[in-house]
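Thanks for coming, everyone. I'd like to walk you through one structure today, starting with its pockets and ending with its strands.

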Amino acid sequence: MTEVCNEERGPAERWSLRTGAVSVEILSLGCGIQSIRTPDHSGQSADIVLGYDDVEGYLSNPRYFGAVVGRVANRIAKGRFVVDEKEYKLAINNGPNALHGGLKGFDKAVWTTEAVDNGVKLSHSSPDGDEGYPGNLNASVTYRLEKNTLSVLYSAQTDRTTTINLTNHSYFNLAGQGTPDIYDHEVTISAESYLPVDDTMIPTGEVKPVEKTLFDLRKPVLLGSRLKELPGPGFDHNFCLCSPGDPPLERKCARVVHPGTGRVLEVSTTQPGVQFYTSNFLDGTLKGKGGAAYSKHSAFCLETQNWPDAVNQPHFPDALLRPGETYTHTTRFTFSVL
């Protein structure tokens, strides 16, 4: 049985979900995950996601710690796309591109909340023209904690054709948040291909097999040694979990192990991709929980989502939501110990 309770925290509500060994705190501000506490192999509990002690920290939250990002997670090339022969222009907030829904995306909204079995449902209405996107969009995200699995269920409907791509942007460190790096983590991603990117992090359009590349994570890889080999600052790439047009079946996509504590995170999703990001742009200037300075490679993200810039790349999975349709996806995070 999951214990569910909530409390007012200044500009937002905080909901606490607890089972025997796992506890999760959810904020209505940004529909975000503020903390996840899990035990290690000796029974010692630690918070394994980056973030802030106080709700006020999430008012700016420039790196999207724990937040749901939207309408469209990830990058849209040059902040432009065409729907029904009309071009839409978005705010440019990441080099020459649009990132994570704009200047005031879903991560900045205070979502409405209601209790559900074993969890909380958060809802947000985004009006036509919000951050440049067409259509009135009603979105909801439901977090459920059952035993040692946190399920995240996304849903949305629109009255005009629009583009949508929702994900949660939690940063994990299985040794405990505030630990300096993730080099001693072992990662597995069940993907046969990935998307190479240009120098502004937009997919080139190629769907490249991981075979005989540094992106082959199909067997456990120690992150520290792989990051040393990888050109550039680290991983910030979409791994393809299925082919465009495949049915949205739930599939296991990733497993991360921290041998030192025995903590294990397994991720499954109905989404066609997962963006694996190794916190390349954290630089120690952001102070988080307990005053921890979050530095480069101090966490990893597994952002389950559609492929980046899919609205501009016709051979990528469909990124449009039309009137009468329901956008729906599920992602599950399962926590265990070796």
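**Pockets, binding-site residues and strands**

Let's begin with the largest pocket, where β27 gives the most to the lining, with three residues. Please keep in mind as we go that this is a predicted model. The elements that give two or more residues to this lining are β26, residues 320-321, and β27, residues 327-337. The volume of the largest pocket comes to about 480 Å³. In total, 22 residues line the largest pocket, and those nearest its centre are P248, N306, D318, Y327 and H329. If you like to think in terms of chemistry, the lining of the largest pocket splits into ten nonpolar, nine polar and three charged residues.

Now for the second largest pocket, which holds about 190 Å³ of space. Which residues are closest to its centre? They are R75, L99, H100, H169 and Y277, out of 14 lining residues. Here the lining of the second largest pocket is made up of five nonpolar, five polar and four charged residues.

Some of you will want to know about annotations. In an unreviewed entry, UniProt lists N74, R75, H169, S170, Y171 and D236 under "binding site". From this set, N74 and R75 belong to the lining of the largest cavity. R75 and H169, as you just heard, are also among the residues closest to the centre of the second largest pocket.

Let me take two of the listed residues in turn. N74 sits in the loop between β6 (68-69) and β7 (75-76). Is N74 buried or exposed? Its relative accessibility is 3%, so N74 counts as buried. Beyond its neighbours within four places in sequence, N74 is in contact with A98, L99, H100, Q275, Q305 and P308.

H169 is in the loop between β16 (167-168) and β17 (186-189). Its relative accessible area is 3%, and therefore H169 is buried. Setting aside residues up to four places away in sequence, H169 touches R63, Y64, F65, G66, A67, H100, Y277, C301 and E303. H100, then, appears in the contacts of N74 and in those of H169.

Next, a residue outside the UniProt list that touches one inside it. S279 lies in the loop between β24 (273-277) and β25 (301-305). With a relative accessible area of 0%, S279 is buried. Not counting residues up to four places away in sequence, S279 touches Y171, S295, K296, H297, S298, A299 and F300.

That brings us to the strands on either side of the S279 loop, β24 and β25. Both take part in an open sheet of five strands, in the order β19-β18-β21-β24-β25, with antiparallel pairing. Why does one side of β19 and of β25 lack a neighbour in the sheet? β19 (208-209) and β25 stand at the edges with a single partner strand each, so one side of each is left without a neighbour. Further in, β21 (residues 236-240) and β24 run antiparallel and are joined by five bridges. One pair to look for is H237, whose bridge partner in β24 is F276.

Last stop, a hairpin. Strands β11 (residues 112-116) and β12 (residues 119-126) pair in the antiparallel sense over five bridges. T112 stands opposite S123 in β12. Two residues separate β11 and β12 in this hairpin, and N118 in the turn has a positive phi of about 65 degrees.

Thanks for listening!

Methods:
Residues are numbered from 1 along each chain as its sequence is written. This is a predicted model: local features need pLDDT of at least 70, side-chain atom pairs count only at pLDDT 80 or more; totals for chains, interfaces and linings use all residues. Side-chain values use heavy atoms; hydrogens and water are left out. Helices (H or I, at least four residues) and strands (E, at least two) are DSSP runs, numbered from the N terminus. Buried means under 20% relative accessible area, exposed over 50%, partly exposed in between (1.4 Å probe, protein chains only). Contact means heavy atoms within 4.5 Å. UniProt positions are given in the numbering used here, feature names are shortened, and annotations may be inferred rather than shown by experiment. On a 1 Å grid over the protein atoms alone, a cavity is a set of points where a 1.4 Å probe fits but cannot get out, and a pocket is an open set with protein on both sides within 12 Å along at least five of seven lines; lining residues have an atom within 4 Å of a point. Grid points are joined across faces, edges and corners, and a volume is the space filled by probe spheres set on the points. Ala, Val, Leu, Ile, Met, Phe, Trp, Tyr, Cys and Pro count as nonpolar, Asp, Glu, Lys and Arg as charged, and the others, Gly among them, as polar. Two strands pair if DSSP finds at least two bridges between them.
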